[in-house]
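Thank you all for coming; I would like to take a few minutes to walk through a structure that will be new to most of you. Please have a look at it first, and then I will go through it part by part.

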Amino acid sequence: MHTTKRCALALAVSALAMGAGSAMAETDSLTIVSWGGAYSDSQNRAYDEPFEEKTGIEIIHEDKAAQGLAGIRSQVEAGNVSWDLVDMLQSEAQRACDEGLVMEIPHDEWLATAPDGTPASQDFIDGTLGDCFVPQILYATMFAYNDEAFPGDKPQTIADVWDTETFPGTRALQNIPQKNLEWALIADGVPTDQVYDVLATKEGQDRAFAKLDELRDNIIWWSEGAQPPQMLADEEAVIATAYNGRIFNAQVNEDQPFTIMWDGQMFEVDGWVVPVDNDADIEAIKEYLNFATDSQRLADQAKYIAYAPARSSSVPLVSTHADTGVDMKPHMPTSPENFQNAVQFDPAFWADYGDSLEERFSAWLAQ
Amino acid sequence: MTDATMDRPAAKASDDGELTTADGTPLAVSLRRSHAQARRRAFYLVLPLLAFLVITFLVPIATMMTRSVQNYEVADYLPTTTAAIADWDGTGLPDEAVYAAMAEDMVVGSENRTIGRVAARINREIPGVRSQMMGTARDIDEMSPPWKEALIAEDEGWANEEFWRLVKRETRTLTPIYYLLSFDFEYNSHGEIVERPEEYQVYRLMFLRTAWMSLLITTLCIVLGYPVAYMLANLPLRYSNLLMILVLLPFWTSLLVRTSAWIVLLQQQGVVNDMLVWAGVIADDGRFRMIYNQIGTIVAMTHILLPFMILPLYSVMKTIPKSYMRAARSMGASPLRSFVSVYMPLTVPGLAAGVLLVFILAIGYYITPALVGGDTGIFISNLIARAMQGSTAELKLALALSTILLVAVLIFYWLFNKLVGVDRLKFG
């Protein structure tokens, strides 16, 4: 009997504690979903720690952005939304917004103006702000190669990647159609500004797959972002597509002899969405978004990772790498010499044609 | 049980000769009651597990199956159009009434933000419709009747007969389309079921590939595992314990670590190729590709699943007395004959358990094929995972594919039960 009473007491106390915990979660904390790893670290140091210090609101991290869209969808459908802010690619944010899973964000009302007074809606890089989406960083996916594999001439252009006579060796590409089809068309001579028009036609799609066929025997496929730098380091591949931040990390922190081929880089933005019906205080979310996407905070993030701030006014504020002191400006995908032949990844195109091209790509890959 | 019956007062014969208990109830009733009570008590004990299984297993599977045929998007989010288009005969373009209904639905849909859901559904079958519908919905407030001209002027996609036939067809709330797609079939624009164009056919191939690779992996596990289990069962205890640890050690190591270790071993600049080059078997530029293809998946998965074959085999072999083989020999059977006719049949329960475990685990494997499978070495589960990240329509395709995979496993289990008898299995 005595033990039963004690058990009941313990239960009551823990229930109280849990109740208090969830009550606190509603007012004094924000649950933020991001990608984990070096990327979350950079966000943590650039925005979250200063934000916690400034406001006393606790930030709870979940590294589940890879399942971001599926996660928001199931939480909204179940009517139990525990995520307050989710870090997403623009293409996924577009889908979430179309389906009404995330809130529409009045940009100039919620977001900070630039130091010179430019409103937010004009400060972010063209075409990156979405109805429901506030970009943070701009990253590039591009080809990189191991210097040691090419003692003489180095590959310079996308066409060189397809030139296995002059530049023999294995290429590592990601096992998705996105970007690979665009590059195949560029290698086949399509001007960068017409890539998506061509890819929207049946003939253009056939042409892209035929071009990929040419390279097929020289390709190994990667699925996780950590793989390509490793494949280059092991000389398993001599040229690989990769995220620029990963290659920067290998160059600077691991001293690998890698070079980024900026020609035909495909850039894309990544940023915040706010799931509808979430359980947080809307004012806290506004405050966080305002703080975390202001010009200084976005520039600060570039101290920790080689992704470019998505605001024009942040570019001059970018300084040096926090740990090694390397000047970050030349490593930014947006720096003028890197940006010359850049292609903007088109999330709207992929929202329209993604389902069918992904299936065709899977079928092609399985042959 | 015994407690329950002992609590009852002793039976005594009543006046009319029927056996009753002290309080006058007939003995048969009283006995039935006490049995029922015992059964209830036993049921309460399994209730938590039962509830757990229902909530975490049966309900999600049932949800998965129902959602894979649900098709409420058009009917729910374009209700006026659904009503108006019922009268259209499907030839030519629908008349103004249908266009007006569509315009009305779009006004409501863009306010509620539901128009994107139906756009994504139709876009699954006619790529580009998403932009057409979202773009029009954005401008709908500034447009005015006649709606037919207004919509077609806004986007020529509204003059596509195929689009309207699709809308009419998809007003039904249940659809087999995701199952058709799973077998590489689809509807053509006239609503007939046809095979998909060759460049889109992938799922049948992947189901078959998953099945034969899993069979191959199971066979390899038998070939490699049987002798090991035999040795473990017949060595003196101190050696067999050491060997057992060697079998179990990889079993206790993280899956990712073991998979990565195979990458280090098998890649072109890896240990195995280096040794072959060093031994002069192959030239430096003729290194084998043993990973990021089927070979990689088969090797890594065989290694990972091997303990699931060895352990049930070992547990059965351990119980087979050595005297049986000696008896067979003494009656004149050759060593091979006595092994094949006496020993092997006795190991069938363990072998069958191993086959069942390895095959069913293999057929749903995900992470290893994803990491080392490259292009031709991936399984259907990898395609399911990819589809789950896509639009809601893709999600439903993933659900249909998963249901088919589940049914395939159940059929395999049923067949296996017919052939071997599941009640004979010994898992360890």
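How many Å separate the centres of domain 1 of chain B and domain 2 of chain B? Taken over C-alpha atoms, the answer is 59 Å, and I should say at once that this value, like the others I will give, comes from a predicted model. For orientation, domain 1 of chain B covers 2-67, domain 2 covers 73-175, and domain 3 covers 203-424.

Let me turn to a pair of helices in chain B. Two packed helices are described by the angle between their axes and the distance between the axes. For helix H5 of chain B, residues 96-112, and helix H8 of chain B, residues 147-154, the angle is about 65 degrees and the axes are 8 Å apart. On the H5(B) side the contact is made by Glu96(B), Tyr99(B), Ala100(B) and Ala103(B), which meet Trp147(B), Lys148(B) and Leu151(B) of H8(B). Sorted by character, the residues of this contact are 5 nonpolar and 2 charged, with no polar ones.

Next, the place where the chains meet. Here 26 residues of chain A are in contact with 37 residues of chain B. On the side of chain A, the elements that give two or more residues are helix H3 (68-78), helix H4 (90-98), strand E6 (219-222) and helix H15 (347-366), and H15(A) supplies the largest share, 14 residues. That side of chain A divides into 10 nonpolar, 5 polar and 11 charged residues.

Now for the interior. In soluble globular proteins, nonpolar side chains tend to be buried together. The largest nonpolar core in this model has 195 residues, and those that touch the most other members are Ala96(A), Ala144(A), Val273(A), Leu305(B), Val358(B) and Leu401(B). Helix H15 of chain B, residues 294-317, gives the most to this core, with 14 residues. If we take Val273(A) and leave aside its neighbours within four places in sequence, its contacts include Val86(A), Met88(A), Ala96(A) and Phe133(A).

I will finish with a single residue, Phe124(A), which lies in the loop between helix H6 (120-123) and strand E4 (134-146) of chain A. Is Phe124(A) buried or exposed? Phe124(A) counts as buried because it has 27 C-beta neighbours inside 10 Å, where 20 or more are needed. Not counting residues up to four places away in sequence, Phe124(A) touches Leu129(A), Pro135(A), Ala310(A) and Arg311(A). Phe124(A) and Ser312(A), although 188 residues apart in sequence, are 6.0 Å apart in space, C-alpha to C-alpha.

Terms used. Residues are numbered from 1 along each chain as its sequence is written. Chains are lettered from A and ligands numbered from 1 in the order in which they are written. This is a predicted model: local features need pLDDT of at least 70, side-chain atom pairs count only at pLDDT 80 or more; totals for chains, interfaces and linings use all residues. Domain bounds come from an automatic or database domain assignment. Axes are lines fitted to C-alpha atoms, for helices over the stretch in contact, and angles run from 0 to 180 degrees between N-to-C directions. Helices (H or I, at least four residues) and strands (E, at least two) are DSSP runs, numbered from the N terminus. Two residues are in contact if their C-beta atoms, placed from the backbone, lie within 7 Å. Ala, Val, Leu, Ile, Met, Phe, Trp, Tyr, Cys and Pro count as nonpolar, Asp, Glu, Lys and Arg as charged, and the others, Gly among them, as polar. A residue is buried if 20 or more other C-beta atoms lie within 10 Å of its own, exposed if 12 or fewer, and partly exposed in between; C-beta atoms are placed from the backbone. A nonpolar core is a set of buried Ala, Val, Leu, Ile, Met, Phe, Trp, Tyr and Cys residues joined through C-beta atoms within 7 Å.
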